[in-house]
Amino acid sequence: MPGLPEIFDMSNPGDFDAGISAAAAALRRGGLVGMPTETVYGLAADATSGGAVAAIYAAKARPRFNPLIIHASSVEAAERLAVLSPAALALAGAFWPGPLTLVLPKRSPTVIADLATAGLDTVAIRVPAHPVAGALLATLDRPIAAPSANRSGHVSPTTADHVAADLGGGVAVILDAGPTGIGLESTIVGMADDRPRLLRAGGLARSDIEAVIGEPLAAPGTTGGAPVAPGMLRSHYAPAARLRLDAGEVRPGEALIAFGSGLPAGATAAIRIVNLSEKGDLAEAAAGLFATLRDLDAVAEAIAVAPIPDTGLGEAINDRLRRAAAPRD
Ligand code: TXA
Ligand code: MG
């Protein structure tokens with residue numbers, strides 16, 4: 001039996017350096033670290049070690065070897081791993097560090113373990129904006145592979161408690177930096193073929209990206225029928241409770257996820273109500289979404305979700321809600 005993770009409170013200045021040292025040491029040994037980023041908590045491993053990357057799949061109980069996001073300390077570090085076109089460099093310059101992942105042609109030879117890219121000739125890279133992730137990358141001085149730190153198919157973790165609850169024994173160190181600021185995974189843009197493609201809506205709005213590249217993002221497209229972002233299975237981000245989207249009323253036995261100042265009919269009978277943002281702010285709603293799904297999952301078997309606008313970060317919020325509501329596969 002693996003032991004319990006060592007947890008460091010990174011908001012306490014006296015623990016910060018000790019947490020970074022312990023996490024870097026665990027990564028060098030091939031261990032796993034719960035790492036805060038500005039989007040969600042990641043399950044970090046040394047991306048250059050096949051054994052360490054294999055431990056990620058085992059801890060998450062991932063059914064197959066989906067490729068992982070590689071976290072780099074800077075644009076220069078990313079350029080050592082992948083080829084950035086002028087358009088990719090423009091996006092990196094505008095949004096790194098930040099909640100944007102670019103899928104890029106992989107350089108070869110590469111230090112990245114094959115298992116981390118699932119044998120593809122592309123690599124998904126981002127430079128995270130969180131000071132803890134930045135300090136860990138700088139100290140380790142190697143790229144870090146990190147998917148979201150949840151069991152496969154579960155809702156992504158936005159607090160250290162979520163990481164411990166989902167993965168406890170498999171993780172050597174958890175760096176607790178409080179709730180993540182953005183609350184949704186990074187936006188993934190494919191930059192490896194003829195045009196930029198939105199592979200996953202996320203914490204950076206489509207319109208911000210399109211303003212930099214000067215053209216609309218294309219749809220993912222398919223390679224031989226396989227999804228281009230293989231992690232984009234329909235049923236993903238799934239709570240156990242059933243979700244009913246765009247609900248105009250609350251039915252008996254349901255909890256309610258509300259948005260904005262109005263409540264749907266029957267709201268007073270809801271088992272519990274969580275309003276993602278009374279003032280109708282999509283960034284605030286994104287930050288609370290995954291914790292709300294976890295909280296309501298613990299008290300209700302059915303959840304009604306009020307309509308949420310599809311603009312800005314609403315595109316990613318609605319994408320995650322549709323996946324959480326999809327029939328389970
Ligand atoms: O915000 C985030 O992106 C978080 C934090 C921890 O950085 N990470 C995250 O990783 O969400 P994960 O593993 O849960 O999602 C990775 C996504 C998957 O959908 C995967 O299929 C896609 O990235 N991906 C990775 N490499 C790819 C590649 N070479 N081509 C296409 N998609 C790729
Ligand atoms: Mg994930």
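The following paragraphs describe the domains, the interface between them, the sheet and several backbone features of this structure, which is a predicted model.

The domain assignment of the protein gives two domains, with domain 1 spanning residues 6-213 and domain 2 spanning residues 242-325. The centres of domain 1 and domain 2, taken over C-alpha atoms, are separated by 28 Å, and the contact between them draws on 21 residues from domain 1 and 13 residues from domain 2. The size of an interface is often expressed as the accessible area that is lost when the parts come together. In the present model, domain 1 and domain 2 bury about 1300 Å² between them, and 58% of this area lies on carbon and sulfur atoms. On the side of domain 1, the residues that lose the most area to domain 2 are Val155, Leu184 and Ala201, which together account for 39% of what that side buries.

Polar and charged interactions also occur across this interface. Three salt bridges are found between domain 1 and domain 2, and six residue pairs are in polar contact across the interface, with both residues of each pair at pLDDT 80 or more. Helix H6 (160-167) and strand E10 (197-200) are the elements that give two or more residues to the side of domain 1 that touches domain 2. When the residues on this side of domain 1 are sorted by class, nine are nonpolar, eight are polar and four are charged. A salt bridge is formed by the side chains of arginine 206 and glutamate 315, with an N to O distance of 3.0 Å.

The model contains an open sheet of 10 strands with mixed pairing, in which the strands follow the order E1-E8-E2-E3-E7-E4-E6-E5-E9-E10. Strand E1 (6-9) and strand E10 are the edge strands, each of them pairing on one side only. Isoleucine 7 is placed in the edge strand E1, and, when neighbours within four places in sequence are left aside, isoleucine 7 is in contact with Ile174 and Asp176. The C-alpha atom of isoleucine 7 is separated by 8.0 Å from that of glycine 19, a residue 12 positions apart from isoleucine 7 along the chain.

Towards the other edge of the sheet, strand E9 (residues 187-190) pairs with strand E10 in the antiparallel sense over three bridges. Strands E9 and E10 form a hairpin with six residues between them, and within this pairing isoleucine 188 has arginine 200 of E10 as its bridge partner. Strand E10 thus belongs both to this hairpin and to the side of domain 1 that touches domain 2. An antiparallel arrangement is also found for strand E5 (residues 100-105) and strand E6 (residues 122-126), which are joined by four bridges, with valine 103 standing opposite alanine 124 in E6.

Several backbone features lie in the loops on either side of strand E5. In the loop between helix H4 (86-95) and E5, where proline 97 is placed, the peptide bond that joins tryptophan 96 to proline 97 is cis, with omega at about -5°. A further cis peptide bond runs from serine 108 to proline 109, with omega near 0°, and proline 109 lies in the loop between E5 and E6. Alanine 118 is likewise located in the loop between E5 and E6, and this residue has a positive phi of about 50° although it is not a glycine.

Technical notes:
Residues are numbered from 1 along each chain as its sequence is written. Chains are lettered from A and ligands numbered from 1 in the order in which they are written. This is a predicted model: local features need pLDDT of at least 70, side-chain atom pairs count only at pLDDT 80 or more; totals for chains, interfaces and linings use all residues. Side-chain values use heavy atoms; hydrogens and water are left out. Domain bounds come from an automatic or database domain assignment. Contact means heavy atoms within 4.5 Å. Buried area is the accessible area (1.4 Å probe) that two parts lose on being put together, summed over both. A salt bridge is a side-chain nitrogen of Lys or Arg within 4 Å of a carboxyl oxygen of Asp or Glu. A polar contact is a pair of N or O atoms within 3.5 Å; within protein, one must be able to donate a hydrogen and the other to accept it, and residues adjacent in sequence count only if both atoms are side-chain atoms. Ala, Val, Leu, Ile, Met, Phe, Trp, Tyr, Cys and Pro count as nonpolar, Asp, Glu, Lys and Arg as charged, and the others, Gly among them, as polar. Two strands pair if DSSP finds at least two bridges between them.
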